[in-house]
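Visitor: I am new here and would like to learn how to read a few features. Could you walk me through them?

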Amino acid sequence: MNINKMMFQVSQDALDQHATDCLVIGAFEEQLSDDAKSLDKALNGKLTKLLESGDISGKAGEILSLIDLDGIQAKRLVIVGLGKKEKFSLDGLRKAVLAVTRWAKATPVKTLTFSLLQQCKIKETSIATLIQAAGDALYQFAAPKKEAVKALDLQSITVLDANADQTVKNAVAYGQALVNGMSLTKDLANMPANMMTPTDLGEAALALAKEFPNVKATVLDKAQIEALKMGSFLSVAQGSVEEPRFIVLEYKHADNKDEAPIALVGKGVTFDTGGISLKPGAAMDEMKYDMGGAASVLGTFRALAELNIKTNVMGFIPATENMPSGTAVKPGDVVTSMSGQTIEILNTDAEGRLILCDALTYATQHKPKAIVDIATLTGAIIIALGHEVSGLFGNNEALTAKIKASADSTRDHVWEFPIWNEIYQPMLDSNFADMGNISTGGRGAGSITAACFLERFVEEYPWVHLDVAGTAWTSGKEKGSTARPVPLLLDFIKNYQA
């Protein structure tokens, strides 16, 4: 798992007095940043001369490292390009921090101090962005290899701010909790499927509750799931020798224990072969991340428990494998969901909605004020949006507006799709059951009809569905979990008001 537990802190020491292994300042194209201008005076205009000579370009992400400079106590000064000043944004800040932190991973520095906040408009958001970017760059998965992954030399990161008031300190604490929650999500989703079975996922939930007394975890076994009559969920599980688990998480704040909770429902398919409707073999190894929604729920719970956020949240995770075998559910089979609605299985690779529908029914029994489900649900959403934007579907304008506001604030982007019932719901009609688990009208609107299927199980409760199939995982050279949408979820919960 994550072998680097990074400590983030804030300091208000003046730039020319702060002792650190490495002090990081920014430069725009053709001009110094506000922080750099302050330091330039202590260095007798050396930074201005470097800019004028072209040694500092200011282009986004470019780095110049200087050592043993008279005028500052830092052993090393790193100047990072911020791009054009008029175009500088949170995305630019993130790019700069990623560049510096990746550089620091390969350099023997123990402490890293960022002085980049003077040019940022909203300080709290900027601090969270800075810390999240550093956490992403420094994350290392302790993969099961013969030679252990080497721990980094870097031990702490300081955010430099002249005021360092309580608001700033709270923002740093928020960023720290966010990184810790995202690291847990990455650890869980990156684990090989033989080491992250439904049982293992349940044990991870119990371990989280043991670490944080304000989190309660209950893990239901197969017999208990059968007693709840979750026939749709169990139909997916029946093809695997690994027994399913249904995980229930509770976070209650002492000030409002009786308040209705926000419900988070996460898809927990710990490995997805497609079942009898078998997937192509290429890149099937990545289907271990089909529990990315579940992992994001656990990561969010870790973060909100660390922050002791003043709201109540419940989490519901149906965990199973989807395997082909002599006992596996077959195309054409009809199953009965916990809600009593019957479902014709037309494609066993549309299994996520089959486990989520029973979890949604269970969630409604706890009378939540809002339900958000998170699932790596459809390949169609990747065709529509690529890998940078998650799909958003919902039945309540006020709730979807809150989600979109958090998405904009955290740069954890979403795009809302319509789920017009008169157009899309008839596409799920079946001659042999209350509904099919995919559209009977062809492959069109695959992500939308999946959302329409889930909508049938949320009753009257405000509900949002996040399809994160394209955003929860990165393929290629940097293959691994992104921990999205933990930033969005944590911000949404922190700022939620009925």
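Guide: Gladly, beginning with burial: a residue is buried under 20% relative accessible area, exposed over 50%, and partly exposed in between (1.4 Å probe, protein chains only). By that rule Cys357 is buried, with a relative accessible area of 0%. Cys452 counts as buried too, at 0% relative accessibility. This is a predicted model, where local features need pLDDT of at least 70 and side-chain atom pairs count only at pLDDT 80 or more, while totals for chains, interfaces and linings use all residues. Residues are numbered from 1 along each chain as its sequence is written, and side-chain values use heavy atoms, leaving out hydrogens and water.

Visitor: How many disulfides does the structure hold?

Guide: A disulfide is a covalent bond between the sulfur atoms of two cysteines. The cut-off used here is a pair of cysteine sulfur atoms within 2.5 Å. The structure holds zero.

Visitor: Why is there no bond for Cys357?

Guide: Because its closest cysteine sulfur, in Cys452, is 15 Å away, too far for a bond.

Visitor: And Arg302: is it buried or exposed?

Guide: Arg302 is buried, at 14% relative accessibility. Contact means heavy atoms within 4.5 Å; leaving aside residues up to four places away in sequence, Arg302 touches several residues, among them Asn180, Leu208 and Phe212.

Visitor: Which strand pairs with β2?

Guide: Strands are DSSP runs of E, at least two residues, numbered from the N terminus, and two of them pair if DSSP finds at least two bridges between them. Strand β2 (residues 22–28) pairs with β6 (residues 111–114) in the parallel sense over three bridges. In this pairing, Val24 stands opposite Phe114.

Note on methods
Helix = DSSP H or I, 4+ residues; strand = E, 2+ residues; numbered from the N terminus.
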